[in-house]
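Student: I have the sequence and the coordinates open. Can we go through them with short questions and answers?

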Amino acid sequence: MDYARTRQDSLTKPQGSLGKLEELSIFMAGWQGKEHPRLNQISCLVFAGNHGVTAQGISAYPPAVTKQMVQNFENGGAAINQLCIAAGAKLRVISLDLDHPTADFTKAPAMSEEELCRALQTGADAVPDDCDCLLLGEMGIGNTTAAAALSLALFGGDSGQWTGRGTGLAKDKLAHKAEVVETAVRRHSPEISDSFELLRCLGGRELAAIAGAVIAARQYRTPVLLDGFISTAAAAALTISAPDILDHCQVSHLSVEPGHRHLIETLGKSPILQLDMRLGEASGAAVALMILRASLATYNGMASFEEAHVSRSLQ
Ligand SMILES: O=C(O)c1ccc[n+]([C@@H]2O[C@H](COP(=O)([O-])O)[C@@H](O)[C@H]2O)c1
Ligand SMILES: Cc1cc2nc[nH]c2cc1C
């Protein structure tokens, strides 16, 4: 990171004038451990899971859409297929036991220990040991409720501040969704003392898989782009047990889902983009990859003041 910072200051531009693009190049050089970080092999993982809490009427869409969208991903017809082509990332979609939704967490823990471990391991195993950047996203009808519950259990506050319309829930059902979140957290909070218990009680399989992938990426020193509210909440669950666990992660964009802003601020992160997106399926991560490419193209390719014979600042 020190090397990259010095190099940035030697390039033919006023110091700091590329703003966040400069910060991103320093982040990439540091985590890749390379003077010239690269973006050749990019893995985009989309984990899909189903949620028992959909029985509470908390989504605008039926749970069958999770599997239908997975089929759409496989057929190349979803937004993420086109965004991965545009950004130059290899997409892999991983379904986690879609025919067996997690338990309704207003009534019982979402998963058993064994189910949680399987989901964490699936996420970790999906991470290649040699990619230059990892994009993480999800598909799961009902999972903004799980993300809100994780956030409330993690950071407290009012359930309404973590709850939004997700796929487009009617405004008059929002108060009910916030109550569902509140009930779930009140039920499980006393049992929760670490990150894995939190994910087991209030998460979902695709959220646990994202957490597993974040841990594996850290072991490989692979930089990560988290997608939106759900991906950030899944990764944030890990901070109970390891406060610096998200240092190798960037938040790709600020989602429209209102809890995301508070979550990002609480984590001390700043999103790369704000495009009024709320799709999920790693779409924001794929768009942010294009910004990362802009960052590394300038950092790796620009001439220094000395090389270009350009005079330095007078001050
Ligand atoms: O990534 C986000 O910030 C985001 C915000 C709103 C909705 N989503 C997507 O919508 C689905 C969850 O919405 P819901 O209303 O069913 O909880 C799930 O498939 C997510 O990928 C994603
Ligand atoms: C159609 C649809 C596509 C999605 N992609 C991610 N979450 C989604 C939710 C819905 C409803």
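**Ligands, core, helices and loops**

Tutor: Ligand 2 comes first. Its surroundings are Tyr61, Val65, Met69, Met139, Thr167, Leu279, Gly280 and Glu281. Near here is defined as a C-beta atom, placed from the backbone, within 6 Å of the molecule. This is a predicted model: local features need pLDDT of at least 70, side-chain atom pairs count only at pLDDT 80 or more, and totals for chains, interfaces and linings use all residues. Residues are numbered from 1 along each chain as its sequence is written, while chains are lettered from A and ligands numbered from 1 in the order in which they are written.

Student: How do the residues of the shell around ligand 2 divide into nonpolar, polar and charged?

Tutor: Ala, Val, Leu, Ile, Met, Phe, Trp, Tyr, Cys and Pro count as nonpolar; Asp, Glu, Lys and Arg count as charged; the others, Gly among them, are polar. For ligand 2 the split is five nonpolar, two polar and one charged.

Student: Which element gives the most to the shell around ligand 1?

Tutor: That shell has 25 residues, and Ser59, Gly166, Gly228, Ser255 and Gly280 come nearest. Elements giving two or more residues are β3 (133-139), α6 and α11 (229-236). Helices (H or I, at least four residues) and strands (E, at least two) are DSSP runs, numbered from the N terminus. The top contributor, with three residues, is α6.

Student: Which helix gives the most to the largest nonpolar core?

Tutor: A nonpolar core is a set of buried Ala, Val, Leu, Ile, Met, Phe, Trp, Tyr and Cys residues joined through C-beta atoms within 7 Å. The largest one has 98 residues, with Leu135 and Ala286 making the most contacts inside it. Nine of its residues come from one helix, α10 (residues 205-220).

Student: What is alanine 286 in contact with, leaving aside neighbours within four places in sequence?

Tutor: Contact means C-beta atoms, placed from the backbone, within 7 Å. On that basis alanine 286 meets Cys44, Ile80, Leu83, Cys84, Ala87, Ala89 and Leu135.

Student: Is glutamine 8 buried or exposed?

Tutor: Glutamine 8 sits in helix α1 (residues 2-10). A residue is buried if 20 or more other C-beta atoms, placed from the backbone, lie within 10 Å of its own, exposed if 12 or fewer, and partly exposed in between. Glutamine 8 has 21 such neighbours, so it counts as buried.

Student: Why are the buried residues of α8 on the same side?

Tutor: They are Lys177, Ala178, Val180, Val181, Ala184, Val185 and His188. The arc is taken from the directions from the helix axis to the C-beta atoms. The buried residues of α8 lie on the same side because they cover an arc of only 155°.

Student: What is unusual about the phi of arginine 221, and is the residue buried or exposed?

Tutor: Most residues other than glycine have a negative phi. Arginine 221 has a positive phi of about 60° and is not a glycine. The residue lies in the loop between α10 and β4 (224-226). With 11 C-beta neighbours inside 10 Å, arginine 221 counts as exposed.

Student: What is the phi of aspartate 276?

Tutor: Aspartate 276 is in the loop between α12 (259-267) and α13 (283-301). With 9 other C-beta atoms within 10 Å, aspartate 276 is exposed. Although not a glycine, aspartate 276 has a positive phi, of about 55°.

Definitions and conventions: Two residues are in contact if their C-beta atoms, placed from the backbone, lie within 7 Å.
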